[in-house]
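Reader: I am new to this structure. Could you take me through it in short steps?

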There are 2 protein chains.
Amino acid sequence: MALSDIKGAARNEQAIAAAVAVLRERFGDRFQTGEAIRAQHAHTTTYIPAQLPDGVVFAEAAGDVAETVKICAVHRVPVIPFGTGSSLEGQINAPAGGISIDFSRMNRVLEVNAEDLDCTVEPGITREELNTYLRDTGLFFPIDPGANASIGGMTSTRASGTNAVRYGTMKDNVLSVTAVTAKGEEIRTARRARKSSAGYDLTRLFVGAEGTLGVLTSVTLRLQGIPAMISGGVCSFPTLADACNAVIMTVQLGIPVARIELVNALQIRACNAYSGLTLPELPTLFVEFHGSEDSVRLQSEEFAHITAECGGGEFKWTADAAERAKLWKARHDAYWAAKALRPGHAVIATDVCVPISRLAECVAATEADIEEHGLLAPIVGHAGDGNFHVSLVLDDKNPADVEQAEAFVSRLNARALDMDGTCTGEHGIGQGKQAFLPLELGGAVDLMREIKRALDPDNILNPGKIFTMG
Amino acid sequence: MALSDIKGAARNEQAIAAAVAVLRERFGDRFQTGEAIRAQHAHTTTYIPAQLPDGVVFAEAAGDVAETVKICAVHRVPVIPFGTGSSLEGQINAPAGGISIDFSRMNRVLEVNAEDLDCTVEPGITREELNTYLRDTGLFFPIDPGANASIGGMTSTRASGTNAVRYGTMKDNVLSVTAVTAKGEEIRTARRARKSSAGYDLTRLFVGAEGTLGVLTSVTLRLQGIPAMISGGVCSFPTLADACNAVIMTVQLGIPVARIELVNALQIRACNAYSGLTLPELPTLFVEFHGSEDSVRLQSEEFAHITAECGGGEFKWTADAAERAKLWKARHDAYWAAKALRPGHAVIATDVCVPISRLAECVAATEADIEEHGLLAPIVGHAGDGNFHVSLVLDDKNPADVEQAEAFVSRLNARALDMDGTCTGEHGIGQGKQAFLPLELGGAVDLMREIKRALDPDNILNPGKIFTMG
């Protein structure tokens, strides 16, 4: 995690200049090299320093992507796919320079198959754009990582978010992708059937590969019917353990909760202040139920029994859209609420994921760590998955603050790994978490490298992400 | 699919003899070379001819597996993992000879984490053994491919079965595996967290790899709470299209049906005769609902509305265990019922999977094909997934019958591919479906081969399965 580990890699200036010349010739003003645009395409939402690409291709079709990759392959120049730039671990940086492919113009819905509950989209479409498009079909795409990320980016980081507990992560909701390989050839990983046993699961290999094995040109997604009713509510608990027990019972009883978010006392204080709520400053669960009117009522009642049994406060639920929206807006604004705790400061969002039986212990130990080191860092978690985020509020211009933050993230990851968890539930490895991957998976990382070497022998596809090649 | 395509590969007699000698020395009577035992380990349930291994190691621990692979790696001799031998496409054959690793003694439950709804098992345990073990915990492992297969085999073929519509396939229910690589090193693909974005999804790469990338030594599985209530029922429809429309509406409305099986008229006739039922000889759906008492009642009522709307007969549901068991036993005995249609004949079970919007069309065209060619072949389908099986009743000693069956399977696969489906929803490619994989996935198969070459350069891990290496 130490910034000193994120080095720029060797740049091949001659090759880059040659590729830039060819791309300029080929794409005209759809290829940009101005510093402002390049800087925009290396913008990260973390404290990882920006590493700018040498040019940006604004792709408009799969053919543009294939051509760009082919040109870069000839010159062995890196290719870095860019969706909206909302990734959190430096996934869009260009440590050895190279060409960013901007997908914002490849944001079409190519096909909706309503009866099959699927659609095929270009990678640049954002999840909000997609859901706006789908509204009249009665369907929606459920994965909600918070940011209005692109589908290509969400696929590449194996994103999930608040309702993964019910609908799964990108791994569960991508049926197939088309991608341009390192040779510039477009392949399709699977047909549109809901399941298949035909050969290796290349779809799942591309989901979460962070653009290191191929550049996505389309994604086929599973969709869900928009629930007839959505209800939601909050419930506070005397302790984290009580809240987590309620989560475990909910999951164990098979209540198909759509969202079950753990918000710690400090984050509640921040949300109260920022979003004008008056919740008790205690560990709190935000929940949401999806289904028919009867089903939602039933789920809410069953959940109320559980909270009572776990020592929770009164569970009030509402199907009123405005009231629900206010609540969830507060949850989604957790980042801004954290930031407002200390105006002018930056926030680093980091994530780990542990087996849910260890969630209470892991969060409590992390709260103690925060207290012990005098940090300011509220916590929110996708509790049904055992995944939680710490929002570290810090002065990112102050090296001592940054160093302290890095040390904290190291301890947090070590704690999650000790509990048989992972150093990232949904943000990916990128550049920021490379030190932890071998600690988590040992020799399996060698297999990953062998796969990378086989599919991208010249290491041109988003190099320096997930791991560096020897 | 043509049998002539399934060739024995070149055997390296000297290397095999050397490996056999070392294995005999190392494992004593846990290494067997008698013909009866070798034949048992190449037994296939299809008409694909048996290709015997040269010896069988009865592994008792992961260390035995690693040692066997290391010995075989030194001599470049094939290693073929063996669970229960219930795979359907020749996955356990030894076309170039080699060593079968029998996992029947590696059938322990290593760990159950009830709060996390997961467990870790050795690959040789069967799904029935696992569920017997789990019964007192209130949990169960839902995947049910029909056969009492081993968890290792189910993982390796990406198995699914009747309740995948609710619980997913092996891809969705394997959290992590440990496996011995071609070098004889044991790796672990993931930690026990419910989700992770840490690097390539090696877990999903091993699920469905048919033992060609590594030999599994343990599998960590997601479990489900045993539902408080299970109800089931049947409903007949005037046409296949009506039945399939009911399936589509059920899925679209998000009714969490646990099983929804399509049984065609001929299969109903076979089941009536074999299992003493008196169902109308019409396209029929067998359904099952899991949940709390209220939830199951609600689901059943919602489904009854759908069947009425789709022109179905009266939907009668029951929570009575004996009545339900009789019904599902009849469904599970479909293979035997098909076989009883023409005593003394063999049955070949083949499978394809299409987008569910095309299911009715695909099944109807297949029925017409069966009629046109004078075949006897009932159909059952996991309709919620668009997956269906044709049970070809034939005289497998008669070359003309076999040839006709092969031609039928070719047409069936071509039909499924034309509808953007897959040549196998759950049986895998093995030896039997290799001709169809490139038709389905084109250039993506080259990527699979590159991965295989990278992870198993000497092609010792279950060679000749999924594809042959150049």
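Author: One term comes before the rest: two residues are in contact if their C-beta atoms, placed from the backbone, lie within 7 Å. Keep in mind that this is a predicted model.

Reader: Leaving aside neighbours within four places in sequence, which residues is A:S391 in contact with?

Author: The place of A:S391 is in strand β18 of chain A, residues 387-394. Neighbours up to four places away in sequence are set aside here. What remains is A:A334, A:Y335, A:A338, A:V347, A:A349, A:A377 and A:P378.

Reader: Is A:S391 buried or exposed?

Author: A residue needs 20 or more other C-beta atoms within 10 Å to be buried. A:S391 has 23 such neighbours, so A:S391 counts as buried.

Reader: How far apart in space are A:S391 and A:E13, C-alpha to C-alpha?

Author: In sequence, 378 residues separate the two. In space, C-alpha to C-alpha, the distance between A:S391 and A:E13 is 38 Å.

Reader: In which sense do β16(A) and β18(A) pair?

Author: Strand β16 of chain A covers residues 346-353, and 6 of its 8 residues are buried. One of its residues, A:V352, has A:F388 of β18(A) as bridge partner. Over 8 bridges, the sense of the pairing between β16(A) and β18(A) is antiparallel.

Reader: Which element gives the largest share of the side of domain 1 of chain A that touches domain 2 of chain A?

Author: The domain assignment of chain A places domain 1 at 3-104 and domain 2 at 109-225, among others. Between these two, 17 residues of domain 1 are in contact with 21 residues of domain 2. On the domain 1 side, α3 (62-75) and β3 (79-82) of chain A each supply at least two residues. The largest share, 6 residues, comes from α3(A).

Reader: How far apart are the C-alpha centres of domain 1 and domain 2 of chain A?

Author: The two domains touch through 17 residues of domain 1 and 21 of domain 2. Their C-alpha centres lie apart by 23 Å.

Reader: What is phi of A:R158, about?

Author: A:R158 sits in the loop between α5 (151-156) and α6 (164-167) of chain A. A:R158 is buried, since 28 other C-beta atoms lie within 10 Å. Most residues other than glycine have a negative phi. A:R158 is not a glycine, yet its phi is positive, about 55°.

Reader: Phi of A:I466 is positive too; near what value?

Author: A:I466 is found in the segment after α17 (444-455) of chain A. With 29 other C-beta atoms within 10 Å, A:I466 is buried. Its phi is near 70°.

Reader: How many residues of chain B are in contact with chain A, and which element gives the largest share?

Author: 81 residues of chain B are in contact with 81 residues of chain A. By class, the chain B side has 32 nonpolar, 28 polar and 21 charged residues. Elements giving two or more residues include α9 (240-252) and α11 (293-309) of chain B. The count is 81 residues, and the largest share, 9 residues, comes from α17(B).

Reader: What relation do chain B and chain A have?

Author: A turn of 180° with a shift of 0.0 Å along the axis lays chain B on chain A, with an RMSD of 0.0 Å. That is the relation of a two-fold axis.

Reader: Which residues of the largest nonpolar core touch the most other members?

Author: This core has 279 residues. B:L285 touches residues that include B:V234, B:I260 and B:A383, leaving out those up to four places away in sequence. The residues that touch the most other members are A:V247, A:L285, B:V247 and B:L285.

Conventions
Residues are numbered from 1 along each chain as its sequence is written. Chains are lettered from A and ligands numbered from 1 in the order in which they are written. This is a predicted model: local features need pLDDT of at least 70, side-chain atom pairs count only at pLDDT 80 or more; totals for chains, interfaces and linings use all residues. A nonpolar core is a set of buried Ala, Val, Leu, Ile, Met, Phe, Trp, Tyr and Cys residues joined through C-beta atoms within 7 Å. A residue is buried if 20 or more other C-beta atoms lie within 10 Å of its own, exposed if 12 or fewer, and partly exposed in between; C-beta atoms are placed from the backbone. Helices (H or I, at least four residues) and strands (E, at least two) are DSSP runs, numbered from the N terminus. Ala, Val, Leu, Ile, Met, Phe, Trp, Tyr, Cys and Pro count as nonpolar, Asp, Glu, Lys and Arg as charged, and the others, Gly among them, as polar. Copies are superposed by least squares on the C-alpha atoms of residues with pLDDT of at least 70 in both. Domain bounds come from an automatic or database domain assignment. Two strands pair if DSSP finds at least two bridges between them.
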